[in-house]
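Here's a protein to explore together. Have a look at the sequence and the 3D structure, and then we'll walk through some parts of it step by step.

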Amino acid sequence: MKLSRQFTVFGSAIFCVVVFSLYLMLDHIDHSKNPNGERIQKGQLGILQDKIDHLERLLAENNEIIGNIRDSVINLRETVKDGKMFPEGNMSQGDLELLPPAPALLPIHSEDCQFAARTYSKAADGVQMLDVYDLLSFDNPDGGVWKQGFDISYQDNEWDNEPLQVFVVPHSHNDPGWLKTFDDYYRDQTQHILNNMVVKLHEDSRRKMIWSEISYFSKWWDNIDEQKRDAVRRLIESGQLEVATGGWVMPDEANTHYFALIDQLVEGHQWLERNLGVKPKTGWAVDPFGHTPTQAYLLRQAGLSNMLIQRVHYSVKKHFASQKTLEFFWRQNWDQDSSSDILCHMMPFYSYDVPHTCGPDPKICCQFDFKRLPGGRISCPWRIPPQAITDNNVQERAQTLLDQYRKKSKLFRTNVLLAPLGDDFRYTEAVEWDQQFENYQKLFDYMNSHPELHVQAQFGTISDYFEALRKSTGMDPVGMNVGQLALPVLSGDFFTYADRDDHYWSGYFTSRPFYKRLDRVLESHLRAAEVLYSLTLANIQKYGQPNDYPAVDNYKLLTEARRNLGLFQHHDAITGTGKDWVVVDYGTRLFHSILNVKRVIVSSAHWLVLKDKQTYYHDPSNPVLQMVSVHIFFTVPRLLVVYNPTEQARMSMVTVYVTTPKVRVLNAVGHVVRAQVSAVWNDVSHAAADLSFVAQAAPLGLSVYQLMEGMEPRTEAAKYMILQDGRQISISELEHFQQFYQQDAAPVHIENPHLKLSISTATGLLEKMSLKEDDSEHLIKVEFVWYGTTSNKDKSGAYLFLPDKEATIYSPSQPPVVRVTKGPLFSEVTTTFTHITHTLRLYNIQGVEGQSVEICNTVDIRGETNHEIAMRITSDLNSKDRFFTDLNGYQVQPRKTLAKLPLQANFYPMTSMVYLQDSSARLSLLTAQSLGAASLKSGQLEVIMDRRLNQDDNRGLGQGVLDNKITANSFRLLLEKRSSAEEVYSDERFAALILHRKGFDCGFSNRNTALLCTTTRGKVHLEKLLTDLKLKSITPVSLSLMHTYNSDADPQEISLKPMEIRTYRLQLS
């Protein structure tokens, strides 16, 4: 049935339902700033936090909606016939018509199964980080002046044949929010840094500077005149100013999803290309708290050749320094050749500030930070101040500095040395530019004029350094060949970071989890809105431009949302390590953007669904389509339009709030769909109910469902049993729903066609799980635990996790209330503890939603002191000390729990999943938000869900974590038996098609999984993917669209290797 016919009948009654949209009421947030731009004061902060408290309560009420967000390509079609996976005949037959028959074994080509069987990458002379962790003792002896290292010595004649080349790289690390908001930092510091940069670099052509955060640079660019812009262009053309990385921010690398990492990289690179014609060559990441190979791969795919990292475990740095492997080619674990390699430099010392960058002795290096000259606002903590360079002291000062340069160079394999010169928000005042550049130039002039010193020192950019490094080793200027002096190949990641002692930075994996969840919600909405907008623009070319489609306004809204999302990827934003009012500022931006992208979705979908495009009109105050709100009222029949944003046929539960339990649901061809009505537990005395049914849609397609008021035998009411302390409780207000009882205190059972769960009547917690596939029963026990903080001087805070001991079992002060729900489409057990509302739900549905247990934990620890709460899942799997976490939702990293490390060191970031396995099964926990996870014992998983900490952990934040929200954490628990055997970005004219081929593990049963299509050995046929659109042009490009590649391959067929990401610029019509 054509969609237009449905709209003719029910035109005024349409509701557009985005299946996994966030149910948030955000209409009353005040986004205004006070006129003079001052920091939010305490009273205003309280008001904003009250509003966010209200919003997060709404979020908690609807956590089951958000938990299943999936991001992919969307293709709205005029036709709402069900796809080939869902023949119409299946929609009205039998009790399980919602579960169309799936093939017993899905056809998977043998080539697609080879990926998981490969061993992890390690070149013959390479380094695998798993091996390094096994090798290191992780002791911490006093190394002398280099406390975490060792004594360095050299012979004076070592540089006689090849002089030492020193590149001093001035930089200013500008956090887009931390102790101040983004706007406050810009007003107080960043704009002055950039203004002084233009003046001071022009004063001397030998001066250099690098910049990385485009969020700040673009804001400054918008506020300067054309004369200053031309001056900036000249600095870039002359090589005095380099943009490093070029992302919107310097992102966190633990909690960020790779979709958002790509978003912020594309936004920054496209801004640079439009405004400056700049294509960054080198990555610069001095402050993220640990490093992921995912970021290395994305930078390589974006066309960068080099990168620099800093925050790596001090024991790893010491080991790499002793082996002279601080510079290496970083290769992906899954890469069998060198196609993913990127040249990487690891800074060897404690920090990126001046005392820790010129050489191993910070007491001496601090004397060459000329901002600390006597009389300034900061000084050297070693109490030996810098001296201004004069003719009288230049010889001694130059030799002292050169001694540090030489010692540092002994940690590397070449005679090319990097010495960064900067710190947080440096070069704010003109006098600092003069202090640093003039004094260093005197030192350089002396060194370079004395050939007996065998050194050539100068200011440089980071790419100047890498260019010289490549030249010295005979490497290609941008390629990845190892050169005459071979550099090692490294695979693996650099988590979990420790900067000293047992101070592991595993706390920020969970800090401020409410905002970590909102990050994913905005990303999914933004993805949907971008694709709808792109398709609308292509569709408009076909039918002609409407008078009032808000193309320009929508583009601005999308741009603002991308930038707000990008800003939140900053390493003090999504990490939860900012001041309270800064966190509120980030949260307000996220909420504001969620509202805006919903407006784009509504206006774009309206255009696309119309048969007669001439009838389109845009009325923001009364849109034809509406995103689902908390309530749906039945004054007349309603339509629900459900779209499937994935490349596979999809069946998923849809739940909407209705005012009566007497509802019937019809599909697009008029057949009645089985539905379930459930009680609304904060309103059990009224007729309101939750209506649930399984919506199904073809790949990249949409479906229409009609909701009618009236009695319907295929709409069944759920049944309930309420328990406390093992005793059953009767509730008289449940007038529309039946209660059921069981005779004894035996465990409660809920089940679906795939699983049967055994749940304690006393605790409401899972105890056993049975797989109906082979009638096997497994011990799968869920419990909650508390962590405290150590009694030592240094305690847990926003960054650090420093527990007092192993976790203690959570024991509520009173028995929990256990509510058992049984229905035809889903059954669940909800247990209400003092600090947690815990729900286990089983869906009667095909695919991973039916094969897994949905777990929702609404956590409230606002009354606690120095407590962290975790969910622990104990199984009978013999996983020993091995488990696996994902990295950025892109790839999986093997982990090993090491007894030689403290408990907190064995926690790792879990962006989207963690699993453990043995020879017979795999147990996976999928997550809708980034959190910290561990497997401290064989067969056990543990996830930190929230943290409330009363003190600062001495890493600069200056406060604890006391702004906790009621936070809904969503998970899926999947037990699998081992068997024998796309995204789009847009600009005004083009769309970017980003394809990722995932690597399969075929060692587990694929019966009734979420994979509802055959594999293709990585081949994508564009005419099948874009069935309703004409492809005018397709061009292969780099990840962030900066570089265009030539290709002789057939543009209609694209081939990808496992785990490969490819990007194409499309022109659609």
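What follows is a tour of some strands, helices and unusual backbone spots in this predicted model.

Let's begin with strand E3, which covers residues 164-173. Is E3 largely enclosed or largely open? Well, 9 of its 10 residues are buried, so E3 is largely enclosed by the rest of the structure. To see some of its company, look at the strands it pairs with. E3 runs parallel to strand E10 (residues 416-424), and 9 bridges join the two. Within that pairing, Val169 stands opposite Pro420 of E10. E3 also pairs with strand E11 (residues 455-459), again in the parallel sense, this time over 5 bridges. Here the bridge partner of Val168 is Phe459. In case you're wondering what a pairing is made of, strands of a sheet pair through backbone hydrogen bonds, either parallel or antiparallel.

For the antiparallel kind, move along to an open sheet of 4 strands, in the order E14-E18-E17-E20 and with mixed pairing. Its edge strands are E14 (650-658) and E20 (715-717), each of which pairs on one side only. On average, neighbouring strands of this sheet are turned by 30° against each other, if you ignore direction. Inside the sheet, strand E17 (residues 675-679) and strand E18 (residues 689-697) pair in the antiparallel sense over 5 bridges. One spot to find there is Ser678, which stands opposite Asp690 in E18.

Now for some helices. H15 packs against helix H17 (residues 580-609) at an angle of about 30°, with the axes 8 Å apart. Angles under 35 degrees count as roughly parallel, so that is what we call H15 relative to H17. Their crossing is left-handed. Next, try helix H5 (residues 182-203) and helix H13 (residues 430-448), whose axes come within 9 Å and cross at roughly 40°. That makes H5 oblique to H13, and this crossing is right-handed. Which residues make the contact? On the H5 side they are Ile193, Asn196, Met197, Lys200, Leu201 and Glu203, and on the H13 side Ala430, Trp433 and Asp434.

From there, head for the loop between strand E12 (489-491) and helix H15 (513-543), where you'll find Asp493. Asp493 is buried, with a relative accessible area of 3%. What does its side chain do in there? It makes a polar contact with the side chain of Arg895, at 2.8 Å. Beyond its neighbours within four places in sequence, Asp493 is in contact with Arg895 and also with Met129, His291, Pro293, Leu887 and Gln893.

Last stop: some backbone oddities. Most residues other than glycine have a negative phi, and most peptide bonds are trans. With that in mind, look at Thr496, which sits in the loop between E12 and H15. The peptide bond from Phe495 to Thr496 is cis, with omega near 0°. Then there's Arg383, in the loop between helix H11 (362-365) and helix H12 (394-409). Its phi is positive, near 65°, and Arg383 is exposed, with a relative accessible area of 79%. Asn888, in the loop between strand E34 (882-887) and strand E35 (891-896), also has a positive phi, near 65°. Is Asn888 buried or exposed? Asn888 is buried, with a relative accessible area of 0%.

Conventions: Residues numbered from 1 in each chain as written. Predicted model: local features only at pLDDT ≥ 70, side-chain atom pairs only at ≥ 80, totals over all residues. Heavy atoms only, no water. Buried < 20%, exposed > 50% of the residue type's maximum accessible area, 1.4 Å probe, protein only. Polar contact = N/O pair within 3.5 Å; in protein donor to acceptor, adjacent residues only side chain to side chain. Contact = heavy atoms within 4.5 Å. Pairing = 2+ DSSP bridges. Axes fitted to C-alpha atoms, helices over the stretch in contact; angles between N-to-C directions. Parallel < 35°, antiparallel > 145°, perpendicular 65-115°, else oblique. Left-handed = near helix turned anticlockwise from the far one by under 90°.
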